[in-house]
Amino acid sequence: MNRPHATPAQDTAPADPAALRAAMAQHRNKRSRDLADMLGVPEAALLAAQTGPEVVRIDARPDRLIPAVRTLGEVLALTRNASCVHERTGTYEDWHPGDHAAMVLGSEIDLRIFPAHWVHGFAMTGRRPSLQVFDAAGDAVHKVHFRDGSDRAAFDRLVAALALDAQPDTIALAPRAAPEGARANPDRAADLRARWAGLTDTHQFLGLVRKLKMTRLGAYRTVGAPMATPLAPQAVTDLLHGAALAGVEVMLFVGNTGCIQIHGGPIEKIVPTGPWINVLDPRFNLHLRTDHIAEVWRVDKPTRHGPALSVEAFDHDGQLILQVFGKRGAGLPAWEALAHSLPAPEAVAP
């Protein structure tokens with residue numbers, strides 16, 4: 001998955017903490033990300049400006065943070081990009097560390113973590129405790145929010161153990177990388193099709209694409225049907241409604257450069273709100289900006305276990321918003337039927 005992106009002309013000079021605190025006091029009811037976008041600063045700068053008794057800067061490295069999060073018991077895990085928010089309630093179980101990539105493989109919280117992007121960490125210690133991690137540019141990578149049954153004493157121990165010695169109210173940030181967009185290589189189309197047909201695991205795909213000097217979306221535009229078939233932007237909304245109505249279990253991936261969060265199972269309650277389409281289930285919520293969807297593709301990749309069929313949405317910058325697969329098992333034929341029923345793009349008038 002690609003990075004979250006927002007204000008293109010991000011100013012990486014330290015923002016005046018006093019001015020940020022004044023703005024937060026004036027807009028108390030505004031979500032921190034929305035306020036950051038309004039002010040033209042990264043979200044992490046808002047948290048840094050509040051450093052003190054209720055905002056503590058902590059070690060963001062996953063190999064220290066994630067084992068400590070497990071001691072909190074049941075929490076809400078949140079991963080997002082600029083267009084989609086993925087929230088899952090559960091416990092951080094089955095931690096697999098790694099320098100390049102790490103994993104949480106719990107029965108409910110399922111994460112793929114890329115530690116190089118876990119740079120700035122904060123613990124919010126007030127009435128609604130949370131842990132929030134940001135990348136080098138100050139964009140949110142992953143957040144952990146308390147639930148009713150979370151262990152406050154364990155949280156206090158976590159903060160004491162991971163608090164950094166230095167607690168400044170400014171933050172040094174790197175420039176936000178520009179979206180890469182869709183990079184195709186039509187001259188390698190035949191090579192792409194041949195190598196695609198030889199895939200045995202979906203994890204081989206990005207390596208293949210990089211070797212051919214393409215991006216994910218560029219490869220989809222190049223390879224053509226039946227390997228990659230364009231769908232209408234409406235297809236994602238139809239997919240969510242269809243899966244809920246038919247009880248089709250899905251694997252739903254949302255992420256950014258630092259973290260991918262996965263929901264595996266059914267989805268039930270689908271609620272549209274303005275430009276948003278929402279899944280509002282007891283232990284899983286999804287919030288998707290449908291007006292951000294520019295392209296949707298049905299993608300069929302071979303694996304040693306059989307075809308892996310996905311529906312994938314991209315924004316206007318060519319950035320991946322989310323991916324949906326069928327959950328392996330007896331329900332796969334129903335998933336395949338649903339994916340193949342989704343609408344194609346409207347024909348372009350001559």
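A hairpin of 3 residues links strand S11 to strand S12. This briefing concerns a predicted model, in which the protein chain contains 10 helices and 18 strands. The points below begin with strand S12 and its partners, continue with a nine-stranded sheet, and end with the chain as a whole.

**Strand S12 and its partners**

- Strand S12 covers residues 259–265 and is mostly covered, since 6 of its 7 residues are buried.
- Strand S11, made up of residues 250–255, runs antiparallel to S12 and is joined to S12 by 6 bridges.
- Within this pairing, Leu252 has His263 of S12 as its bridge partner.
- Strand S6, formed by residues 110–113, also pairs with S12; 4 bridges join these two strands, which run antiparallel.
- Here the bridge partner of Arg112 is Ile260, which lies in S12.

**The open sheet of 9 strands**

- An open sheet is formed by 9 strands, arranged in the order S1-S7-S8-S9-S2-S3-S15-S14-S13, and the pairing is antiparallel.
- Strand S1 (55–58) and strand S13 (270–273) each have a single partner strand and stand at the edges, so one side of each has no neighbour in the sheet.
- On average, neighbouring strands of this sheet are turned by 15° against each other, with direction ignored.
- One of the pairings in the sheet involves strand S2 (residues 75–80) and strand S9 (residues 140–146), which are connected in the antiparallel sense over 4 bridges.
- In that pairing, Leu76 has His145 of S9 as its bridge partner.

**The chain as a whole**

- The C-alpha trace of the protein chain spans about 60 × 40 × 40 Å along its principal axes.
- The radius of gyration of the protein chain is 21 Å, which agrees with the value near 20 Å that a compact globule of 350 residues would have.
- Of the 350 residues in the protein chain, 51% count as buried.
- The accessible surface of the protein chain comes to about 16,000 Å², and carbon and sulfur atoms account for 53% of this area.
- Among contacts in the protein chain with a separation of 6 or more, 64% are between residues 24 or more positions apart.

Note on methods
Residues numbered from 1 in each chain as written. Predicted model: local features only at pLDDT ≥ 70, side-chain atom pairs only at ≥ 80, totals over all residues. Heavy atoms only, no water. Buried < 20%, exposed > 50% of the residue type's maximum accessible area, 1.4 Å probe, protein only. Pairing = 2+ DSSP bridges. Axes fitted to C-alpha atoms, helices over the stretch in contact; angles between N-to-C directions. Rg over C-alpha atoms; globule rule 2.2 N^0.38 Å. Contact = heavy atoms within 4.5 Å. Areas by Shrake-Rupley, 256 points an atom, 1.4 Å probe, with all protein chains shown as cover.
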